[in-house]
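Biologist: Could you take one short part of this model and describe it closely, with its surroundings and the chain that carries it?

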Amino acid sequence: MKKFSQLAIPYIVWAVIMLVLPVALIAFYSVTEPGNSIFSFSVTLDHYITFFTDPDFLKILWRSLWIAVKTTLICLLLGYPAAYFISRCGEKLQNALILCITIPMWINMLVRTYAWIGLLTEGGLIQRIVSLFFPGEKELLYTEGAVLLGMVYNFLPFMILQINTSLCKMDGALLEAGSDLGANPAQTFARITLPLSLPGVVNGITLVFLPAVSSFFIPKLLGGGQYFLIGNLIENQFITVGEWNFGSAISMVMAFIMMLLMAVVRKLENRNQGGKEERNL
Amino acid sequence: MKKGKRPLGKILMILLIAFFYLPILYMIVFSFNEGRSLTGFTGFSLRWYKRMLESGTMTEALYTTFSVALIATCISTVVGTISAIGLSKSKKVIRTLMEQVDNLPMMNPEIVTAIGFMLLFITFRVDKGYLTMLLAHIAFCIPYVILSVMPKIRSLDPNVADAAMDLGATPWQAMTKVIIPQITPGIVAGALIAFTMSVDDFIISYFAAGGGVKNLSMVVYTMSKRVNPSINAASTLMVVIITVVLILVNVIPAIAAKRKASDEVKKRKVFLPAAAVIAAVVILLLFRPGADGGKRPYEGQTLHIYTWGEYTGENIIGNFEEETGARVILETFDSNEQMYIKVANGESFDILVPSDYMIQRLIGEGYLQKLDPSAMDGLDNLTDAVKNLPYDPGNEYSVPYFWGTVGIIYDKTKVDLEDLEQEGFNIFLDEKYRGDIYLYNSERDSFMMALKALGYSMNTEDPDEIQEAYDWLVRCVQTMDPEIVTDEIIDNMAQGRKALGLIYSGDATYVMSENENMGYYLPETGTNLWSDAMVIPANAENPQLAQEFINYACEYDGAYDNSSFVGYTSANEEVMEVLSGEGGDFEGIDAYLPRTDNDMDEVFEYNEATRKVISNLWSRVLIAFSNAD
């Protein structure tokens, strides 16, 4: 219906201004010189060159990616069994457990991260327990471990919920068919459950990895002022140093890396599903 | 399936739930703590709730958080639903293209989206404030609504709407009576996601809001450096609100489902939450905090103050509001540089409280307005040591607020005074104190320390000397394992967590009044003698009210409240004498009275070229430190 399609026009205009233009502006700032306006400017690639020729910046990029990988792995290792357990519970318990995991997500992320400071700081509950087992370990707060903990804490629910959704979508009859045909529980898990839950795993990985790479308040609150991830570097350039053009260039690099990773993940996912269809034929 | 036979799974689940809830419970418990500590519970009290409710910042923040979330949810749900219906009937090219566009805020790292909004608003000179924050929230919420409504529309029979219209329904009727009822679950889900995203948001608000408008996340972020249990109280309140909303959302449909006997209930099911949301918006708009009647000179006006964190007294703002009827919006910064960026971006404030060299820069670049000499009663109360300084001779633009020195705070039980006397600032390179020091995250003060340690002037323009200072700092962060902090140093040194730290004299005063083991040392090689002063920016919206506040802060009562609460040395001569004199709060604390008899002490002078170099080098020092291990 033509009449209905006109309903989208205001939103298309809005989206161009509020969603496309900002990204275009970042791209614009990243290739122009400081102090340029949108009417008179000179194009330069200096900001990108600075970023990629400086080992210090590259090291920060590397560290951000590495800690995101670690976060994702831990979330996967904890999240998969948890999601599996939930999906095997009765319906009522299942709903209750899902609600239990969702409620903290509703509470502001910054507030939840802030709450860890009291636990980890010297004399805090966790710090005291840890120092019972490892005397001499005085510092928990403002370490890389604290940052990793904060990330796992914030992002683990995404992983559990995604995997759980795809496990619940699975047809229970498939499992019965598998065991009727003589597969033992390990085989049914490896041949049926795991492959069918992969889309959830992939979604979970993206939902954990993406925010983990770019996070900047978790490292700032739990890692202290001296702990730099790529997100902190960007914040620093915009808020304290005032080098927007360089900051924009770093943002573009980060957005590009993300897009690339996402494309790879999607491709793998598609190939996986394509392969299955072939087998089904 | 055998039930109840998965002990490992159960243990994991219990541990995970403990993991998820422990910090939240801990936070709630400590919001009722009588003491200020976040580690030891000393007794039950509601004082932090009282504090929170009295502090305008917190209640404002809660109000902002929820009002933005509600308005953004309503608008984005309506717009998102209509657009999704429209898009579903559009040409395929447009549809796929718009899907890609919608993906931008979801697939891009959040900080990139946030910076995009910031650049958008600044490039097109939209004043950052409540409205920009709301716009940004709507912008990132709509895609989520569309994403959740779209699949429902797709599963709809495309001929249904046509059939309705063939039977004589207008397009509007076809939409409201036929399409919308069938996609309601998608709309509700979308609205819930939008609400959550908006309440939870920090990064986008942080970059897109301005003008003192803050949501709770931003308040937590800016206040988290000092131990402040009111944050716990505000957070607890938020947890309660969210839990109630969640329970309502989950319980109401369940009850409604039980009662589901006739179709009428179904209709009510949609209208009930809608009515509740509208009611909530109205209530929020009506009960905007801080609106009360009365006839006072500045009734209903607002004063935007942009100052350092923890830099005003306990009562001065409240008293000023009481007396004048104006509403004060207090925004805080961590460094002069951070403040400068906002001012240079055209954000409007009525009063700034920058340091000497920054005032010089702001005057030079035309960002300040001259004060009205006839209205300047306050200046006479101030001590001569802070008047007529080279950054603003004759005090045409600025009225001093606090002043002091930068020195070394040290734990007398851990640090040998002899070491300090021999080494001065070089004690920060003494391996004896490795892992036991705080540095201050400020380019100006760090380079001052390094240059003075090397025996140079802190105002040097010589590139070799600056390079040497840079090497000194890099060596310090690489070999001494310091912690680089800002205001965190205050509570941590008061608790004696480290042996040494670079500190402002005012913070030292507070630390020493809390912990008598602490001492303050000023190296003989000189230090920075600084002063911070109140100025009125050229683009201030209410300079007259600003002038009023400046005088208020110079008078005895205001100045006393500021100085006694914060610990920084007052520019008001009488206050300074009373507080440091017999029976005063800071009697016997040498950090309170700035040193004025050392020729090596200097006042910082602004120099654009060196500033850039130093600013870049300092972020390089931080990066070098971050990469050290």
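Modeller: What follows looks at one helix, then at its chain, and then at the contact between the chains. Since this is a predicted model, every statement here concerns computed coordinates. The part I have chosen is helix α15 of chain B, residues 356-364, which is mostly covered, with seven of its nine residues buried. The buried residues are B:Asp356, B:Tyr357, B:Met358, B:Ile359, B:Gln360, B:Arg361 and B:Leu362, so that a residue counted here has 20 or more other C-beta atoms within 10 Å of its own. As for what covers them, the buried residues of α15(B) pack against three elements of chain B, namely α14 (336-344), β4 (398-411) and β9 (529-535). After the helix comes B:Gly366, with a positive phi near 75°.

Turning to the chain that carries this helix, chain B has 24 helices and 10 strands, and its C-alpha atoms fill a box of roughly 95 × 70 × 50 Å along the principal axes. Of the 629 residues in chain B, 47% are buried, and, among its contacts with a separation of 6 or more, 78% join residues 24 or more positions apart.

Chain B also meets chain A, where 78 residues of chain A are in contact with 80 residues of chain B. On the chain A side, helix α2 (residues 9-30) supplies the largest share, 12 residues, and the side of chain A that touches chain B is made up, by class, of 56 nonpolar, 16 polar and six charged residues.

Methods. Residues numbered from 1 in each chain as written. Chains lettered and ligands numbered in written order. Predicted model: local features only at pLDDT ≥ 70, side-chain atom pairs only at ≥ 80, totals over all residues. Buried ≥ 20, exposed ≤ 12 C-beta atoms within 10 Å, placed from the backbone. Helix = DSSP H or I, 4+ residues; strand = E, 2+ residues; numbered from the N terminus. Contact = placed C-beta atoms within 7 Å. Nonpolar A, V, L, I, M, F, W, Y, C, P; charged D, E, K, R; others polar.
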